[in-house]
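Thanks for coming, everyone. I have one structure to walk through today. Let me put it on the screen.

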Amino acid sequence: MVAEVAYIVSRYSLARILIGYGLAKVLHQQMPAPTAFRLMETYGESSPMGLLWTFIGQSAAYSAYTGGLEMLAGSLLLFRRTTAIGALLAAMILFNVLVLNLCYDVPVELYSATLFFLAAVLAAPGFMRVLGALMQTRSAAPASSDSSPFKSQVRIRRWARLIGKTAVTGWMF
């Protein structure tokens with residue numbers, strides 16, 4: 001029961017974070033267009049993080065594209081049946097974010113590493129099934145009715161889960 005709650009809380013926490021960062025990128029708030037002051041700086045005066053922010057902020061389309069992918073991954077994590085593919089997509093996106101943070105000296109390396117490993121842990125239960133569908137010519141085995149690694153058969157738990165999910169999702173949006 002504790003492990004099941006931790007799994008669900010992890011899914012929703014990562015979904016909230018991805019949707020929040022994705023929305024900030026789609027609305028062009030996280031990495032805004034470079035100011036005239038930024039564009040007047042010489043290359044030597046720029047920090048690595050400043051160069052990254054300028055590069056991504058220069059293209060609203062690229063920022064919206066990456067934000068849209070983050071929002072898609074976060075949205076897929078909200079549903080049990082799509083958790084595996086959402087977690088795999090999140091892991092790929094967050095690995096890219098981690099590498100950018102490491103290479104451009106963005107001071108949130110530990111945070112992005114934690115998010116990447118959380119996505120990898122969430123992706124682990126469904127990884128082989130999704131990989132089999134992508135790499136083989138035959139179809140993958142169908143997902144169980146409860147694709148989380150934990151089974152809850154009690155009717156009260158199902159209703160509590162539905163009510164809780166509706167409340168948390170409503171609060172997130």
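Start with A60. A60 sits in helix α4. Buried or exposed, or in between, where does A60 fall? A60 counts as partly exposed, because its relative accessibility is 44%. Now look across to H28. Along the chain, A60 and H28 are 32 residues apart. In space, their C-alpha atoms are separated by 6.5 Å. Keep in mind throughout that this is a predicted model.

Stay on H28 for a moment. H28 belongs to the loop between α1 and α2. The backbone there has a positive phi, near 60 degrees, and H28 is not a glycine.

Where else do we find a positive phi in a residue other than glycine? Go to D105, where phi is near 55 degrees. D105 lies in the loop between α5 and α6, and follows α5. D105 counts as exposed because its relative accessible area, 53%, is over the 50% cut-off.

Let me step back to the overall layout. How many helices and how many strands does the protein have? The count is 8 helices and 0 strands. Read from the N terminus on, the order of elements is simply α-α-α-α-α-α-α-α. The protein has 173 residues, and 33% of them count as buried. Now the contacts with a separation of 6 or more. Of those, 70% are between residues 24 or more positions apart. On the outside, the accessible surface comes to about 10,800 Å². Carbon and sulfur atoms hold 71% of that surface.

Next, the interior. In soluble globular proteins, nonpolar side chains tend to be buried together, so a core is a sensible thing to look for. The largest nonpolar core here has 27 residues. Which residues have the most contacts inside that core? They are L14, L18, L77 and L94. Four helices, α1, α4, α5 and α6, each supply at least two core residues. The largest share comes from α5, with 9 residues.

Zoom in on L18. Set aside its neighbours within four places in sequence. L18 then touches E70, M71, A73, G74, L77, A90 and L94. Two of the names in that list, L77 and L94, also came up among the core residues with the most contacts.

That brings us to α5 itself. Helix α5 covers residues 83-103, which is 21 residues. From first C-alpha to last, α5 reaches 29 Å, close to the 30 Å expected at 1.5 Å a residue. Which of its residues are buried? The list is T83, A84, G86, A87, L88, L89, A90, A91, I93, L94, L98 and N101. An α-helix has 3.6 residues a turn, so residues three or four places apart point the same way. Read the list again with that spacing in mind. And what do the buried residues of α5 pack against? They pack against α1, α4, α6 and α7.

Last stop, the surface. There is a nonpolar patch of about 560 Å². Its members are F127, M128, L131, L134 and M135. Pick out M128, in helix α7. M128 is exposed, because its relative accessible area is 60% and the cut-off is over 50%. So α7 appears twice in this talk: the buried residues of α5 pack against α7, and M128 of the patch is in α7.

That's the tour. Questions, please.

Conventions:
Residues numbered from 1 in each chain as written. Predicted model: local features only at pLDDT ≥ 70, side-chain atom pairs only at ≥ 80, totals over all residues. Heavy atoms only, no water. Expected span 1.5 Å × (residues − 1). Buried < 20%, exposed > 50% of the residue type's maximum accessible area, 1.4 Å probe, protein only. Contact = heavy atoms within 4.5 Å. Patch = residues over 30% accessible without salt bridge, like charges linked within 9 Å, V, L, I, M, F, W, Y side chains within 5 Å. Areas by Shrake-Rupley, 256 points an atom, 1.4 Å probe, with all protein chains shown as cover. Salt bridge = Lys/Arg side-chain N within 4 Å of Asp/Glu carboxyl O. Core = buried A, V, L, I, M, F, W, Y, C linked by side-chain atoms within 4.5 Å.
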